Amino acid sequence: MKIWQMTDWQKLYEEKNTPWDRGEASPALIDWLGSHRMPGTILVPGCGPGNDLIALATSGAVRVVGLDIAAGAIAIAADKTRGINGVSLVTGDLFTLNDGSLRWGFDWVFEHTCFCAIEPSRRWDYVRSVAGALRPGGHLLAVFYLEPWDQDEDQNQGPPFRSDLHELDALFGSEFDLLYSAIPTSSFLGREGKELIRLLRRH
Ligand SMILES: C[S@@+](CC[C@H](N)C(=O)[O-])C[C@H]1O[C@@H](n2cnc3c(N)ncnc32)[C@H](O)[C@@H]1O
């Protein structure tokens with residue numbers, strides 16, 4: 001049985017049942033930032049404990065906004081990012097925030113284990129929300145976790161929920177041009193070969 005089957009995210013944070021928190025930023029993101037710039041403003045939906053925010057904010061972004069539905073995640077992220085310039089945090093639902101409570105028009109969205117955490121039936125909503133958060137021509141840098149399963153696990157249960165190239169092409173192709181796609185050369189232990197890093201540009 002998966003440890004994070006429940007989707008009461010706040011409860012998981014209260015119980016400290018957060019196996020996705022590796023205490024450091026996505027290795028694929030760190031690699032990316034070693035040879036690419038991400039200037040401007042960046043939204044990180046489902047930022048969780050904020051490890052990726054630190055890497056983004058200390059690599060030249062003007063403003064990094066971490067968004068999470070769980071107040072417990074935002075509290076941890078606030079502790080971790082205290083004193084780091086340019087980071088702000090918002091507790092809220094990615095699917096309903098596009099109502100004016102957060103100013104959209106971001107230059108970038110960074111995705112990491114948010115897409116795989118949401119119900120598959122809401123994936124179109126995810127694409128629309130992320131596209132809506134970006135300015136036209138803005139970029140989505142995503143580290144998709146495609147096969148978040150150990151060998152003997154039931155792939156119909158989640159989160160996390162699996163995905164594949166065909167689904168990503170179909171979903172994101174409606175709103176984005178695909179600029180780059182590769183299996184990252186660096187991953188967390190156990191995620192090797194199961195991730196995909198993609199750069200997409202909003203139409
Ligand atoms: C698997 S965790 C990953 C957290 C972080 N990205 C990381 O890698 O450590 C998924 C996160 O997405 C958040 N989340 C789930 N649904 C959300 C939604 N609709 N809007 C905003 N955040 C959401 C959860 O609270 C949780 O912190």
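Strand E1 and strand E4 (residues 106–112) pair in the parallel sense over 2 bridges, where two strands count as paired if DSSP finds at least two bridges between them, and where helices (H or I, at least four residues) and strands (E, at least two) are DSSP runs numbered from the N terminus. Within this pairing, Ile42 has Trp108 of E4 as its bridge partner. The model is a predicted one, in which local features need pLDDT of at least 70 and side-chain atom pairs count only at pLDDT 80 or more, while totals for chains, interfaces and linings use all residues. Residues are numbered from 1 along each chain as its sequence is written.

E1 also pairs with E2, again in the parallel sense, over 5 bridges, and here Leu43 stands opposite Val65. Together with helix H3, these two strands make a right-handed β-α-β unit; right-handed says that, with the strands pointing away from the viewer, the path from the first strand over the helix to the second runs clockwise. Is E1 enclosed or open to the outside? Because 5 of the 5 residues of E1 (residues 41–45) are buried, the strand is largely enclosed by the rest of the structure. A residue is called buried if 20 or more other C-beta atoms lie within 10 Å of its own, exposed if 12 or fewer, and partly exposed in between, with C-beta atoms placed from the backbone. In a regular strand the side chains alternate between the two faces of the sheet. In E1, Thr41, Leu43 and Pro45 point one way while Ile42 and Val44 point the other way, and all of them are buried.

From this strand the view can widen to the whole protein, which comes to 6 helices and 7 strands and follows the pattern α-α-β-α-β-α-β-β-α-β-α-β-β along the sequence. Its C-alpha trace spans about 45 × 35 × 35 Å along the principal axes. The radius of gyration, taken over C-alpha atoms, is compared with a globule rule of 2.2 Å times the number of residues to the power 0.38; a compact globule of 203 residues would have a value near 17 Å, and the protein, at 16 Å, agrees with this. Of the 203 residues, 40% count as buried. Two residues are in contact if their C-beta atoms, placed from the backbone, lie within 7 Å, and among contacts between residues at least 6 apart in sequence, 66% join residues at least 24 apart.

Two helices show how the burial is arranged. In helix H4 (residues 71–81), the buried residues are Gly72, Ala73, Ile74, Ile76, Ala77 and Thr81, and they pack against helix H1 (9–14), helix H3 (51–57), strand E2 (63–68) and strand E3 (87–91). Ala75 belongs to H4 as well, but it counts as partly exposed because it has 16 C-beta neighbours inside 10 Å. After H4 comes Gly83, whose phi is positive, near 90 degrees. In helix H5 (residues 123–133), Tyr126, Val127, Ser129, Val130, Ala131 and Ala133 are buried, and their cover includes E1, E4, strand E5 (134–145), helix H6 (165–172), strand E6 (176–182) and strand E7 (195–202).

Helix H3 offers a closer look at one residue, Ala57, which counts as buried because it has 22 C-beta neighbours inside 10 Å. Leaving aside residues up to four places away in sequence, Ala57 touches Val64, Ile84, Asn85, Gly86 and Val87.

The backbone has some less usual points. Most residues other than glycine have a negative phi, and most peptide bonds are trans. Lys16, in the loop between H1 and helix H2 (27–35), has a positive phi of about 55 degrees although it is not a glycine, and it is exposed, with 9 other C-beta atoms within 10 Å. Thr113, in the loop between E4 and H5, has a positive phi near 60 degrees, yet this residue counts as buried, with 21 C-beta neighbours inside 10 Å. The peptide bond from Pro159 to Pro160 is cis, with omega near 5 degrees, and Pro160 lies in the loop between E5 and H6.

Last comes the ligand. Of the 22 residues around it, Trp9, Gly46, Gly48, Ile69 and Leu94 come nearest, where a residue is near a molecule if its C-beta atom, placed from the backbone, lies within 6 Å of it. The shell divides into 14 nonpolar, 5 polar and 3 charged residues; Ala, Val, Leu, Ile, Met, Phe, Trp, Tyr, Cys and Pro count as nonpolar, Asp, Glu, Lys and Arg as charged, and the others, Gly among them, as polar.
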